[in-house]
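Got the model open in your viewer? Here's a short tour, one selection at a time.

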Amino acid sequence: MPSTPGGRYFVHNGILWRCSNPDLDDDTRQRLVKDLMSARRDVGTAKRSGDDAAERDARGRVHEAKVALGERGPTWWDGEDYNRMKPENTPYAEWWTAVQAS
C-alpha cells in the first residue's frame, strides 16, 4: 500500500486513509494498537452474539483508540484532511497518477 509524500495517508482500494501520528512514542503506539485490536475483536464477538449494547461499547472503544492514534479526529498536522477521499480528487492527484503509472 503506497503512502503519500509526507506520510499522512496510505492508499487502499483507491481511497486515502489517514496514517497514525508518527510522533507517538513506541510504547504509546503499541498500547493503543493493542487496545484497538482488542476492541475490534470485541465488536465481532458482540455482533455474533447479537449483543447491541456490547457492540456499541466496543465500537466506541475502536473510535477512541483511532482518535488517540491520530487516524480520526483532529489532524496531527496543520492543514486540510483528505481522509477517505480518492487521491485523484485531492492535491495528491499528480502523485497518484505517477504511482499508478509505475
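Start by selecting R72. In this predicted model, R72 is partly exposed, with a relative accessible area of 25%. You'll find R72 in the loop between α2 and α3. Now show what R72 touches: setting aside neighbours within four places in sequence, R72 is in contact with R18, H63, K66, V67 and R84. While you're here, put a distance label between the C-alpha atoms of R72 and N83: they are 8.7 Å apart in space and 11 residues apart in sequence.

From that contact list, pick R84. R84 also belongs to the loop between α2 and α3, with α3 covering 93-101. Check the backbone of R84: phi is near 65°, a positive value in a residue other than glycine. As background, most residues other than glycine have a negative phi.

There's another one to look at, so jump to N13. N13 sits in the loop between β1 (9-12) and β2 (15-18). N13 is not a glycine, yet its phi is positive, at about 50°. Is N13 buried or exposed? N13 is exposed, with a relative accessible area of 69%.

Back to the contacts of R72, and this time choose K66, which is one of them. K66 forms a salt bridge with E71, and the closest N and O atoms are 2.5 Å apart. Colour both partners by accessibility. K66 comes out at 12% relative accessibility and so counts as buried, and E71, at 15%, counts as buried too. The cut-off in play is under 20% for buried.

Next, the helices. Select residues 26-49 for α1 and residues 52-69 for α2. Which way do the two run relative to each other? The two helices pack at an angle of about 160°, and their axes are 8 Å apart. Anything over 145 degrees counts as roughly antiparallel, and α1 and α2 are therefore roughly antiparallel to each other. The crossing of α1 and α2 is left-handed.

Now show the side chains where these helices meet. On the α1 side, the contact is made by R29, L32, V33, L36, S38, A39, R40, D42, V43, A46 and K47. On the α2 side, select A54, E55, A58, R59, R61, V62, A65, K66, A68 and L69. Colour by residue class and the contact of α1 with α2 shows 12 nonpolar, 1 polar and 8 charged residues.

Zoom in on E55, one of the α2 residues in that contact. E55 is in helix α2 and, at 16% relative accessibility, counts as buried. Beyond its neighbours within four places in sequence, E55 is in contact with V43, A46 and K47.

Move on to R61, also in helix α2. R61 has 30% relative accessibility and so counts as partly exposed. Not counting residues up to four places away in sequence, R61 touches S38, A39 and D42. For a longer distance label, try the C-alpha atoms of R61 and M85: they are separated by 24 Å, with the two positions 24 residues apart along the chain.

Keep R61 selected and add D57. These two form a salt bridge, the closest N and O atoms being 3.3 Å apart. D57 and R61 are 4 residues apart in helix α2, and are therefore separated by about one helical turn. D57 is partly exposed, with a relative accessible area of 46%. Add D42 to the selection as well: D42, D57 and R61 are linked in a network of salt bridges. In general, side chains of opposite charge can pair when their charged atoms come close.

For the last stop, go over to helix α1 and select R31 and D35. Both lie in α1, 4 residues apart, about one turn of the helix. D35 forms a salt bridge with R31, and the closest N and O atoms are 3.7 Å apart. How accessible are the partners? D35 is partly exposed at 36% relative accessible area, and R31 is partly exposed at 46%.

How many salt bridges does the structure hold? The structure holds 6, among them D57 with R61, K66 with E71 and D35 with R31.

Technical notes. Residues numbered from 1 in each chain as written. Predicted model: local features only at pLDDT ≥ 70, side-chain atom pairs only at ≥ 80, totals over all residues. Heavy atoms only, no water. Axes fitted to C-alpha atoms, helices over the stretch in contact; angles between N-to-C directions. Parallel < 35°, antiparallel > 145°, perpendicular 65-115°, else oblique. Left-handed = near helix turned anticlockwise from the far one by under 90°. Contact = heavy atoms within 4.5 Å. Nonpolar A, V, L, I, M, F, W, Y, C, P; charged D, E, K, R; others polar. Salt bridge = Lys/Arg side-chain N within 4 Å of Asp/Glu carboxyl O. Buried < 20%, exposed > 50% of the residue type's maximum accessible area, 1.4 Å probe, protein only.
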